[in-house]
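Here is a friendly walk through one protein, from its overall build down to a handful of residues. Please keep the sequence and the 3D view open beside you as you read.

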Amino acid sequence: MQSEIAPAGQQERSFIEIARRAQIIECAINAIAELGYAKASLAEIAKRAGVSKGVISYHFAGKSELMQQVVNTVLEKAGAVMLPRIFAEHSAAGMLRAYIESNLEFLDSHRNHIMAVMNISGGARADDGKPMIDLNLTFEPAVQALQNLLQSGQEQGEFREFSTRVMAVTIRNAIDALSPQLAAYPELDLKTYANELATLFNIATRK
């Protein structure tokens, strides 16, 4: 029976490839955040990563795939920050507050990541002119997860009766509206913003 463990050389190549992909994605994030989508060419990203454009083409089928991976990476990083905070709570109301506050903490500590997603959303277009990345579809799992949290709060008697879909979309839109505000007003006090937003939706959802 063949061993399922890859040879050492193959493992090393795999680790190197994973690290190289992560490096390219990080350079893409910074380039898009600082220059905008149009000026963040593959040549510019390659220059920042210290590699040739051919290396980027080896790891990604094209700029479209790279942009999707940028968005996926930002979502993964956000989840790594938010989920431990959310699941540390023992009530639906506490989890909702943690969801909002940890989300805004991520925005504050990963501003380039948020700017990159915003610039991709506004500037990246497919050949047919449609957005290359549909953020409504991208963020739909987050909206559904928020709906589940709200429904759980209703079932436990913590939250009043309301449309969980309407409330989840409203919460998500209130958070997402902060990105352009942050771009225009970098000095914005996000701790106060997060507290006010969490308090607002606590009042909106409680019995």
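## A residue to begin with

With a relative accessible area of 37%, A183 is partly exposed, because that value falls between the 20% limit for buried and the 50% limit for exposed. You can find A183 in helix 10, which covers residues 178–184. Leaving aside residues up to four places away in sequence, A183 touches M115 and M118. For a sense of scale, try R48: A183 and R48 are 135 residues apart in sequence, and their C-alpha atoms lie 23 Å apart in space.

## The whole protein

Please bear in mind that this is a predicted model. The protein has 11 helices and 0 strands, so reading from the N terminus you meet α-α-α-α-α-α-α-α-α-α-α. Along the principal axes, the C-alpha trace spans about 60 × 55 × 35 Å.

How much of the protein is buried? Of its 207 residues, 39% are buried. The accessible surface comes to about 11,600 Å², and carbon and sulfur atoms account for 54% of that surface. As for charges, the protein has 20 positive and 23 negative ones, and the mean positions of the two sets are 4 Å apart.

Sequence distance is also worth a look. Taking contacts between residues at least 6 apart in sequence, 64% join residues at least 24 apart.

## Helix 4 and its partner

Next, turn to helix 4, residues 63–87, and helix 5, residues 92–109. Two packed helices are described by the distance between their axes and the angle between those axes. Here the axes come within 9 Å and cross at roughly 145°, and the crossing is right-handed. On the helix 4 side, the contact is made by V74, K77, A78, V81, M82, R85, I86 and F87. Helix 5 contributes M95, A98, Y99, E101, S102, N103, E105 and F106.

Two further residues of helix 4 deserve a visit: V71 and L75. Is V71 buried or exposed? V71 is buried, because its relative accessible area is 1%. Not counting residues up to four places away in sequence, V71 touches V117, I120, I133 and T138. One of these partners, I120, is 49 residues away from V71 in sequence, with 8.5 Å between the two C-alpha atoms.

L75, by contrast, is partly exposed, with a relative accessible area of 32%. With the same four-place neighbours left out, L75 touches T138 and F139. T138 is therefore a partner of both V71 and L75 within the contact cut-off of 4.5 Å between heavy atoms. L75 and L182 are 107 residues apart in sequence and 18 Å apart in space, C-alpha to C-alpha.

## A buried loop residue

Where does A40 lie? A40 is in the loop between helix 1 (8–35) and helix 2 (42–49). A40 counts as buried because its relative accessibility is 0%. Outside its neighbours up to four places away in sequence, A40 touches A31, I32, I45 and K63. A28 is another residue to find in the view: A40 and A28 are 12 residues apart in sequence, and their C-alpha atoms are 7.3 Å apart.

## Pairs side by side

The table gathers the C-alpha distances from the sections above.

| Pair | Separation in sequence | C-alpha to C-alpha distance |
|---|---|---|
| A40 and A28 | 12 residues | 7.3 Å |
| V71 and I120 | 49 residues | 8.5 Å |
| L75 and L182 | 107 residues | 18 Å |
| A183 and R48 | 135 residues | 23 Å |

How values were computed: Residues are numbered from 1 along each chain as its sequence is written. This is a predicted model: local features need pLDDT of at least 70, side-chain atom pairs count only at pLDDT 80 or more; totals for chains, interfaces and linings use all residues. Side-chain values use heavy atoms; hydrogens and water are left out. Helices (H or I, at least four residues) and strands (E, at least two) are DSSP runs, numbered from the N terminus. Buried means under 20% relative accessible area, exposed over 50%, partly exposed in between (1.4 Å probe, protein chains only). Accessible areas come from the Shrake-Rupley method with a 1.4 Å probe; for residues, only the protein chains shown count as cover. Lys and Arg count as positive and Asp and Glu as negative; His and the chain ends are not counted. The place of a charge is taken as NZ of Lys, CZ of Arg, CG of Asp or CD of Glu. Axes are lines fitted to C-alpha atoms, for helices over the stretch in contact, and angles run from 0 to 180 degrees between N-to-C directions. A crossing is left-handed if the near helix is turned anticlockwise from the far one by less than a right angle, and right-handed if clockwise.
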